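Let's take a walk through this protein together, beginning at one of its ligands and working inward from there. Keep the 3D view open as you read.

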Amino acid sequence: MRILSGILVVYLISTLLFGQLIYVARGRFHYHKRRGLSDPPPPPPPAVTANPPQVPSDPYPNPNPDPAPGDSDSGCIFDVTSFGAVGDGSCDDTAAFKDAWKAACAVESSVVLAPEGGVFKITSTIFSGPCKPGLVFQLDGVLMPPDGPEEWPEKDSKSQWLVFYRLDGFTFAGKGTVEGNGQKWWDLPCKPHRGPDGSSSSEPCVSPTMIRFFMSNNIEVGGLRIQNSPQFHMKFDGCEGVSINDIQISSPKLSPNTDGIHLGNTRSVAIHNSVVSNGDDCISIGTGCSDIDIQGVTCGPSHGISIGSLGVHNSQACVSNITVRNTVIRDSDNGLRVKTWQGGTGSVSNLLFENIQMENVLNCIIVDQYYCQSKECRNETSAVRVFDVQYRNIKGTYDVRSAPIHFACSDTVACTNITMSEVELLPEEGELVDDPFCWNAYGTQETLTIPPIDCLLDGSPVVEEGYNSNPGC
Ligand SMILES: *[C@@H]1O[C@H](CO)[C@@H](O)[C@H](O)[C@H]1NC(C)=O
Ligand SMILES: *[C@@H]1O[C@H](CO)[C@@H](O)[C@H](O)[C@H]1NC(C)=O
Ligand SMILES: *[C@@H]1O[C@H](CO)[C@@H](O)[C@H](O)[C@H]1NC(C)=O
């Protein structure tokens with residue numbers, strides 16, 4: 001059993017509107033070596049104090065220095081500086097990180113340590129498994145990629161930088177910073193509005209995802225600051241069992257495509273007690289995701305929490321069982337969004353949004369089944385079906401440039417079983433111009449919504465004979 005304990009400095013953000021507390025914790029992560037059955041129980045965790053002493057960067061003061069028999073080479077620390085990393089912010093430390101990884105990967109419960117004080121620069125690298133269980137990548141210093149596209153080695157992938165692949169039971173944590181050096185990527189003329197006179201070009205514009213977890217299970221990410229990514233900050237695809245806790249993601253409001261955390265084809269995810277400010281979606285959830293639990297997250301500025309876009313090029317999409325709770329969204333272009341293209345199949349279902357505080361958010365609650373990037377999308381007869389969606393205790397303020405509640409469901413495939421309870425949204429300033437919008441949306445208001453919404457249809461739609469309502473998920 002791996003024991004994870006943290007000393008928490010707890011900031012309390014009291015929410016004026018629903019009088020409850022949201023805890024945003026900045027924690028310290030300590031990893032203890034895998035314990036044998038004969039080991040004594042661990043010492044009790046240190047008491048949480050308002051002002052904890054700074055703990056030295058030793059990742060695990062070992063309470064039991066005598067290794068159990070047959071356990072003698074487990075729990076080692078592989079410090080990248082012992083493998084030749086310089087950490088001066090300019091030398092290329094890639095080889096040292098690869099060597100430290102390779103050594104640690106072969107030993108159960110070991111730690112790759114990038115120590116405090118070092119600024120390590122590495123090029124695009126795939127840290128792959130399988131490795132012995134319990135591997136920890138502990139970043140206490142700064143880790144960064146080459147500075148922009150010109151410094152990026154020609155032979156390296158420009159679509160990804162740190163990749164963790166085929167791992168099971170792996171932790172990426174520490175009190176350090178992953179610094180993406182994104183500015184030169186954001187300024188590329190192929191980015192939206194970065195062309196001559198603010199034009200947007202349609203040419204492909206590849207920039208690296210900063211941290212990618214691919215085909216990995218039982219992953220923990222904690223404590224880190226992750227900032228200024230050239231593109232998405234963190235992306236998970238083909239993963240199962242992900243726990244993200246106490247991280248801070250930040251990039252400027254105008255940095256293009258810098259999604260905070262993107263999930264695709266990934267199941268059983270917890271994202272807790274984290275803060276994201278960036279230039280795109282705070283958290284985005286793509287097809288093939290289920291059992292996602294988001295709690296105690298603060299987003300903003302950002303583009304909110306987004307499910308989609310789904311069903312592009314007539315594809316099938318399946319997303320289910322997503323919970324977002326005790327979360328603040330501020331100064332964002334969207335709040336809680338579901339977006340699907342015309343012509344897809346599949347479904348988005350069992351969504352619960354509860355205890356969400358909105359502050360100056362454009363499109364607080366939006367389902368858009370007419371998502372289209374080219375303005376040339378035709379209406380089609382199939383769509384990803386949206387059903388069983390609950391909005392509970394969603395309060396705060398919206399940006400009056402558009403209606404705070406917008407359900408634009410497909411003409412042919414209605415949204416059904418939408419529940420609204422204690423949804424109370426007021427203008428941040430000025431007056432609402434448009435009323436809440438619904439199109440082909442069925443549901444109930446358990447309490448009267450503010451602003452009033454009278455366009456939600458009662459009951460269920462009449463389904464035409466021959467229509468296949470089975471979304472196949
Ligand atoms: C929904 O997801 C949560 C994890 O977020 C899980 O604990 C729960 O069992 C799931 N519910 C269903 C019905 O699958
Ligand atoms: C698609 O359907 C919607 C809803 O009926 C309608 O408002 C919109 O104008 C249609 N778009 C096109 C391109 O036909
Ligand atoms: C409506 O959705 C809720 C959960 O969101 C579910 O418990 C309920 O069974 C659904 N009702 C129908 C009629 O499908």
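**A tour from the ligands to the core**

In this predicted model, a side-chain N or O atom of Asp388 sits 3.5 Å from an oxygen atom of ligand 3. Asp388 has company here, for the residues around ligand 3 are Asp388, Gln390 and Asn417. The side chain of Gln390 brings an N or O atom to 3.2 Å from an oxygen of the ligand, and for the side chain of Asn417 the corresponding distance is 2.3 Å. On its own, ligand 3 exposes 360 Å², and the protein buries 38% of that area.

Now turn to ligand 2. Its surroundings are made up of Tyr370, Cys377, Asn379, Asp411 and Trp439. By class, this shell contains 3 nonpolar residues, 1 polar and 1 charged. Two of the side chains make polar contacts that you can look up in the viewer. An N or O atom in the side chain of Asn379 is 2.2 Å from an oxygen of ligand 2, while a polar side-chain atom of Asp411 is 2.8 Å from a ligand oxygen. The protein covers 43% of the 360 Å² of accessible area that ligand 2 has when taken alone.

Which residues surround ligand 1? They are Asp291, Ile292, Asp293 and Asn321. Strand E24, spanning residues 289-299, is the greatest contributor to this shell, supplying 3 residues. Sorted by class, the shell holds 1 nonpolar residue, 1 polar and 2 charged. Asn321 places a polar side-chain atom 2.3 Å from an oxygen of ligand 1. Of the 360 Å² of accessible area that ligand 1 has by itself, 37% is covered by the protein.

With the ligands located, step back to look at the whole chain. The secondary structure amounts to 2 helices and 34 strands. The protein has 473 residues, and 54% of them count as buried. Consider next the contacts between residues at least 6 apart in sequence: 74% of these join residues at least 24 apart. The protein exposes about 20600 Å², of which carbon and sulfur atoms supply 51%.

Inside, the largest nonpolar core has 96 residues. The members that touch the most others are Trp101, Phe164, Phe172, Phe213, Phe236, Tyr391 and Phe407. Phe213 makes a good place to stop and look around. Beyond its neighbours within four places in sequence, Phe213 is in contact with Phe164, Phe170, Phe172, Ile219, Val221, Met234, Lys235, Phe236, Asp237 and Cys239.

Several of those names return when you move to Thr266. This residue lies in the loop between strand E21 (261-264) and strand E22 (267-277). Is Thr266 buried or exposed? Thr266 counts as buried because its relative accessibility is 0%. Its side chain reaches the backbone oxygen of Phe236 at 3.5 Å, and a polar atom of that side chain also lies 3.2 Å from the backbone nitrogen of Cys239. Setting aside residues up to four places away in sequence, Thr266 touches Phe236, Asp237, Gly238, Cys239, Val242, Gly288, Cys289, Ser290 and Ile292. Ile292 should look familiar, as one of the residues around ligand 1.

Two further loop residues round off the tour. Asn363 is found in the loop between strand E28 (345-361) and E29. With a relative accessible area of 14%, Asn363 falls under the 20% limit and is therefore buried. Not counting neighbours within four places in sequence, Asn363 is in contact with Asp333, Asn334, Gly335, Leu336, Ser402, Ala403 and Pro404.

Ser382 lies in the loop that runs between strand E29 (365-371) and strand E30 (385-398). Its relative accessibility is 25%, so Ser382 counts as partly exposed. Which backbone oxygen lies 3.1 Å from a polar atom of the side chain of Ser382? That atom belongs to Gly344. Apart from residues up to four places away in sequence, Ser382 touches Gln342, Gly343, Gly344, Thr345 and Thr412. Gln342 is 40 residues from Ser382 in sequence, yet their C-alpha atoms are 6.9 Å apart in space.

Definitions and conventions:
Residues are numbered from 1 along each chain as its sequence is written. Chains are lettered from A and ligands numbered from 1 in the order in which they are written. This is a predicted model: local features need pLDDT of at least 70, side-chain atom pairs count only at pLDDT 80 or more; totals for chains, interfaces and linings use all residues. Side-chain values use heavy atoms; hydrogens and water are left out. A residue is near a molecule or strand if one of its heavy atoms lies within 4 Å of it. A polar contact is a pair of N or O atoms within 3.5 Å; within protein, one must be able to donate a hydrogen and the other to accept it, and residues adjacent in sequence count only if both atoms are side-chain atoms. Accessible areas come from the Shrake-Rupley method with a 1.4 Å probe; for residues, only the protein chains shown count as cover. Helices (H or I, at least four residues) and strands (E, at least two) are DSSP runs, numbered from the N terminus. Ala, Val, Leu, Ile, Met, Phe, Trp, Tyr, Cys and Pro count as nonpolar, Asp, Glu, Lys and Arg as charged, and the others, Gly among them, as polar. A nonpolar core is a set of buried Ala, Val, Leu, Ile, Met, Phe, Trp, Tyr and Cys residues joined through side-chain atoms within 4.5 Å. Buried means under 20% relative accessible area, exposed over 50%, partly exposed in between (1.4 Å probe, protein chains only). Contact means heavy atoms within 4.5 Å.
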